[in-house]
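Please open the structure in your viewer and keep the sequence panel beside it. The tour below moves from one selection to the next and says what is to be found at each stop.

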Amino acid sequence: MYTLYYMEGSCSLATLSVLNEIGVEDVRIIDKEKVAEYKSINPVGAVPALDDGSTVWREGAALIIYLLDKHESNMLPENGDARQSAIENIMFANATMHPAYGRLFFLNQAVEDDQVKLDSMAKATNMINDLWKAVEKELQNKVYLGGSEPSAADFMLAVYSRWGEMFPVDIVIPPKAKEMIASIISRPSFIKALDMEKTEL
Ligand SMILES: N[C@@H](CCC(=O)N[C@@H](CS)C(=O)NCC(=O)O)C(=O)O
């Protein structure tokens, strides 16, 4: 039995979707806002955190690699260049695209002057748009970052792509990336994850 600590619509949604995608059924989810001392679960206060019954694991990318190593699926090859490439994509999503969107959350909260906020958010958006162009280039000859089958990185990017609409910015997601995202968010695993978050089941 796994316990996943989450916040609705946040990056923990990718972990939950991946759990569903690889067919893990024994999952309980807990909204971190409802945990009185969440910092005893994760000292930095972030989701996702995953309790596997004996250990609490943290850091989204590490959690996903842990789960894909533990459970049979074709989302993470066992070895060789294919494995390295899948990890590279997971890290790109987690350590490059996620923080790029993170700037929007930070600026929205930290900057008081409306014009300064808009101007700085526009600059942060340019950086996000450049990253989506890089994704688009990767997707020129394939449907997903992993090839013809969805990879964990695709789930991660699809989750982050939903954050843009929370801000007054013009994020441009090019066509192949848009297709990838549309395909991921219509998968039963993703829909189930959204539903689980709504009902906290
Ligand atoms: N490096 C961490 C970052 C996780 C992170 O930034 N999580 C956000 C949600 S997407 C969070 O929990 N923020 C704290 C909050 O908003 O209270 C990871 O990848 O797990």
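**A walk from a helix to a pocket**

Begin by selecting A193, which is found in helix α7; bear in mind throughout that this is a predicted model. A193 counts as buried because its relative accessible area is 0%, under the 20% that marks the limit. With A193 still highlighted, add L13, L16, S17 and N20, which A193 touches when residues up to four places away in sequence are not counted. Select V18 as well, and compare two separations: A193 and V18 lie 175 residues apart in sequence, while their C-alpha atoms are 8.9 Å apart in space.

Next, move to L194, which is also a residue of helix α7. Is L194 buried or exposed? L194 is partly exposed, because its relative accessible area of 27% falls between the 20% and 50% limits. Leaving aside neighbours within four places in sequence, L194 is in contact with L13 and R162. If you then select L118, you will find that L194 and L118 are 76 residues apart in sequence and that the distance between their C-alpha atoms is 30 Å.

The third stop is E197, again in helix α7, which covers residues 188-199. E197 is buried yet has no salt bridge, and the nearest side chain of opposite charge, that of R162, is 6.0 Å away. Around E197, display Y6, M7, E8, G9, S12, L13, L16 and I29, the residues that E197 touches once those up to four places away in sequence are set aside.

**The largest pocket**

Now turn from single residues to empty space. Rolling a probe the size of a water molecule over the atoms shows where empty space is left. The largest pocket holds about 770 Å³ of space. To find its centre, select M7, S10, C11, H98 and W163, which are the closest to that centre among the 30 residues that line the largest pocket.

Which helix gives the most to the lining of the largest pocket? Colour α3 to see the answer, since α3 contributes 7 residues to this lining, the most of any. Then colour α1 (12-21), α2 (60-70) and α5 (152-161) along with α3 (80-110), as each of these helices supplies at least two residues of the lining. As a last step, colour the lining of the largest pocket by residue type, which divides it into 15 nonpolar, 10 polar and 5 charged residues.

Notes
Residues numbered from 1 in each chain as written. Predicted model: local features only at pLDDT ≥ 70, side-chain atom pairs only at ≥ 80, totals over all residues. Heavy atoms only, no water. Helix = DSSP H or I, 4+ residues; strand = E, 2+ residues; numbered from the N terminus. Buried < 20%, exposed > 50% of the residue type's maximum accessible area, 1.4 Å probe, protein only. Lys, Arg positive; Asp, Glu negative; His and termini not counted. Salt bridge = Lys/Arg side-chain N within 4 Å of Asp/Glu carboxyl O. Contact = heavy atoms within 4.5 Å. 1 Å grid on protein atoms, 1.4 Å probe; cavity = no way out; pocket = protein on both sides within 12 Å on 5 of 7 lines; lining within 4 Å. Points joined across faces, edges and corners; volume = space filled by probe spheres on them. Nonpolar A, V, L, I, M, F, W, Y, C, P; charged D, E, K, R; others polar.
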